[in-house]
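Please take a look at the model below. A short briefing follows, grouped by topic.

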Amino acid sequence: MVSEKIRIRGTVQGVGFRPTVYRIAKACGLRGDVCNDGQGVLIRAVGSEAALEEFIQRLQQECPPLAKIQEIIRTPDVDEWEFADFAIAHSISGTVNTEISPDAAICPQCQQEIFDPFSRFFRYPFTNCTHCGPRLSIIRAIPYDRSNTSMSAFVMCPQCENSYHDIENRRFHAQPIACYNCGPQAWLERADGKSITSSMFSMLDDVDAVCTLLQKGEIVAIKGLGGIHLACDATVEAAVQKLRQRKQRYHKPLALMARDIDIISEYCTISDKEKELLTSPAAPIVLLKVRERREIPQNQSSIQNPKSKIQNCIAPSVAPGQNSLGFMLPYTPLHHLILKRMNRPIVLTSGNLSDEPQCIDNGEARERLGKIADYFLLHNREIVNRIDDSVVRVVGDKVQTIRRARGYAPAPIILPPGFENIPPILAMGSELKNTFCLLREGEAILSQHLGDLENAAAFNAYQDTLNLYLNLFQHQPQSIAIDKHPEYLSSKLGKELAAANQIKIYPIQHHHAHIAACMAENGIPLNSQPVLGIALDGLGYGEDGTFWGGEFLLADYRQFKRLARFKPVAMIGGEQAIYQPWRNTYAHLIAADDWQNLTQKYGDLEILNFFQQKPLKLLNQLIEQNINSPLASSAGRLFDAVAAAIGIFRDDCSYEGQTAIAMEALAESHSLNNPEEKPNYPFNFTFFDSIYCIDPSPMWSALLTDLQQQISPGIIAAKFHRSLATAIIEMVKHLSQEHLIHQVVLTGGVFQNCLLLKQVTEGLQRLGIEVLTHSLVPPNDGGISLGQAVIAAAYNLTENTLI
């Protein structure tokens, strides 16, 4: 007989892993025990060599749906243990080096039970098992036991306790197990404080009543898994507009939820890959192409024949100016019960005022959402950790993550070879779309999306979540990585933490971090040859103290060299240029040509007449005297400039990237298949001060000429996309002749533009160049912290080697 200790690391707690171990061990005739501890799962097993080998093989083959085995370590057990059988032992506390499973969508078995009148979980909105339900959203400490979650407030009834201890039951050691008799309860409230009488609804219960309220055009705040959402009927324009005005979210697209795939397919086309994402345990918001957009009368009734297969169209203000919709399926029993009778989509957007963190507390919701929602559906299970819905899309055959949160965080990202023995590192992330990152022993734990830190409430939530993660994972960083921008709140906090703990701090250049993040998720080893990273975004603090945003960097994890850039152009008014796109248009026009020449050639154009109404003398002084008009090589601002020139959100926009998103949608709707159209606008390539530059100046003359010839904005937008892609490809072609370049990284928020991403990728692949893009982490600033962490790790290794 052989005795072994078997250490299992990975996502192996709270996912039904120990019952699986127990079942397989019994089938293999082993004796011993299995327990959770701070390192993951520890198995002590006694049996024949053949039985142990079969056990290990079956354990990997029959792994539970939500479990992920990262590592199996087998060592001889020299201790003499007397085991009469195999058992599940109590958890052992200790140094934490295990993983926390992300929250998971309701599994098919639980979904069946909540609609089964003969089940004790019939219509219970908090039904779950080891294959689904809350994880990160309710956890306070490791190991993942009920006592360390917000479910500790609910004492199990005898029936739940029997299921919890029954090794053959699907709910064996399901920490959030509960039912009507012992678990959390949901209730409906009016926002005005008046009582709800039973005569108001002839419904099954408060949860079912929400469906009726939505069908009547009301706005309901719904407390869910990781936060509180605001919901309304997505087919009623008046309801959507009311929600937008109250929430003060005037233009950003609103997320949608529909009961099933069939309903979604009436509004959008769905590929097999997109269906797989929608129905996965992560259940993210998936951006889908609109099948058809039709106008509806504002007074159209929201009540329709439930048997009818002809659905109302989505209200135009759900996603203005876009040709895609963000859909998700119900991922909790609560959502399924609400939507059971709903034959059309609902808006389900975060419960907050625009740019604030999502509400998670009942009292906070009543206070902050009382003037937005008409009704509240609340419950008494505390949300410990705020988690927004994840957002993904499919580009080609590859998933692109736009926002990494519920369903994905905090599952670790396994780092490439060379990062195995790195001391603990904390990376603080960026200012916008913030995440932070904990790096330890060859893996990176990326936080969920935390929002824009320029909002005070979001920054406070960021600090709370950071403290929670540091405590959960008992992470004691030996160094901290920050963005080089001196005014980022995350950077300032990182400096404070480093000083307080007397540890090393690494300021990381913004675009180098973008590139390193993409390298890391694509498995590029630490000591690999440099790649050519193309980082296109809005803004990032450059090495020379200026703002960068259109960069070609020859980079590895330790260093980079700036080979090329877009021509720097003034951002008139600084941050105002982000939200008033016309400022970028004017800056680009006068950088391309003399204003008098422009007025002589194109004075009849509406865009030039628009500028004549502006204080041009003052604007010119701001540029000439460099007053709050910093130069920026920003590809994002170039998109703004072109969009405003053709009339897209010219005067103002409500969020960064709004103009680029609208222009992409416009460009995708216009074909340029006729070669006689000469689709490409010209760009100049210059070389100055040891760096190449892409200069869009000649493009402007051609674009203005198209406007004079009354070429449609859609064709101009399509020509601009193709021309920009061609310019990027030509620059790479030139740089690859000077440098040994075989791999190109495409990163930065601009590459969320599917049209540009596809065109650049296909063009580079035709040159025989391998193209690396993002999938696990966002190309936007949501992936910055991963890049910061791996660069700091490379710096750390270099310094220790030198010592």
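**Briefing: a mixed sheet, a one-sided helix and the spaces inside**

Strand 20 (residues 479-483) and strand 21 run parallel and are joined by 5 bridges. The model is predicted. Strands 20 and 21 belong to an open sheet of 6 strands with mixed pairing. The points below cover that sheet, some backbone details, one helix, and the cavities and pockets.

**The sheet**

- The strand order is 16-19-18-17-20-21.
- Strand 16 (413-414) and strand 21 (504-508) are the edge strands, and each pairs on one side only.
- Between strands 20 and 21, I482 stands opposite P507.
- Strands 16 and 19 run antiparallel, with 2 bridges between them. Here I413 faces A444 of strand 19 as its opposite residue.
- Strand 18 (residues 437-440) is also antiparallel to strand 19, joined by 4 bridges. In this pair, L438 stands opposite I445.
- In a regular strand, side chains alternate between the two faces of the sheet.
- Strand 19 (residues 443-446) is covered on both faces. E443 and I445 lie on one side, A444 and L446 on the other, and all are buried.

**Turns and loops**

- Strands 18 and 19 form a hairpin, with 2 residues between them.
- E441 sits in that turn and has a positive phi of about 40°, although E441 is not a glycine.
- Q474 is another residue other than glycine with a positive phi, near 45°. Q474 lies in the loop between helix 11 (456-472) and strand 20.
- Is Q474 buried or partly exposed? Its relative accessibility is 42%, so Q474 counts as partly exposed.
- A409 and P410 are joined by a cis peptide bond, with omega about 5°. P410 is in the loop between strand 15 and strand 16.

**Helix 21**

- Helix 21 (residues 697-708) has 12 residues. At 1.5 Å a residue it should span 16 Å, and its end C-alpha atoms are 18 Å apart, which agrees.
- Which residues of helix 21 are buried? They are S697, M699, W700, L703, L704, D706 and L707.
- Seen down the helix axis, these buried residues fall within an arc of 160°, so they line one face of helix 21.
- An α-helix has 3.6 residues a turn, so residues three or four places apart point the same way.
- Several elements cover the buried residues of helix 21. Among them are helix 15 (582-592), helix 16 (595-602), helix 17 (606-612) and helix 19 (635-645). Strand 28 (691-695) and helix 22 (713-738) are also included.
- Q710 follows helix 21 and has a positive phi, near 60°.

**Cavities and pockets**

- How many cavities of 30 Å³ or more does the structure hold? There are 8.
- The largest cavity has a volume of about 140 Å³. It is lined by 17 residues, of which P125, L225, T332, P333 and R381 are the closest to its centre.
- The second largest pocket has a volume of about 740 Å³.
- That pocket has 31 lining residues, and K68, A282, G407, Y408 and A411 lie nearest its centre.
- Elements that give two or more residues to this lining are strand 1 (2-11), strand 4 (68-76), helix 8 (272-278), strand 15 (398-403) and strand 16.
- Strand 16 thus appears in two places: as an edge strand of the sheet and in the lining of the second largest pocket.

Note on methods: Residues numbered from 1 in each chain as written. Predicted model: local features only at pLDDT ≥ 70, side-chain atom pairs only at ≥ 80, totals over all residues. Heavy atoms only, no water. Pairing = 2+ DSSP bridges. Expected span 1.5 Å × (residues − 1). Buried < 20%, exposed > 50% of the residue type's maximum accessible area, 1.4 Å probe, protein only. Arc of directions from axis to C-beta. Contact = heavy atoms within 4.5 Å. 1 Å grid on protein atoms, 1.4 Å probe; cavity = no way out; pocket = protein on both sides within 12 Å on 5 of 7 lines; lining within 4 Å. Points joined across faces, edges and corners; volume = space filled by probe spheres on them.
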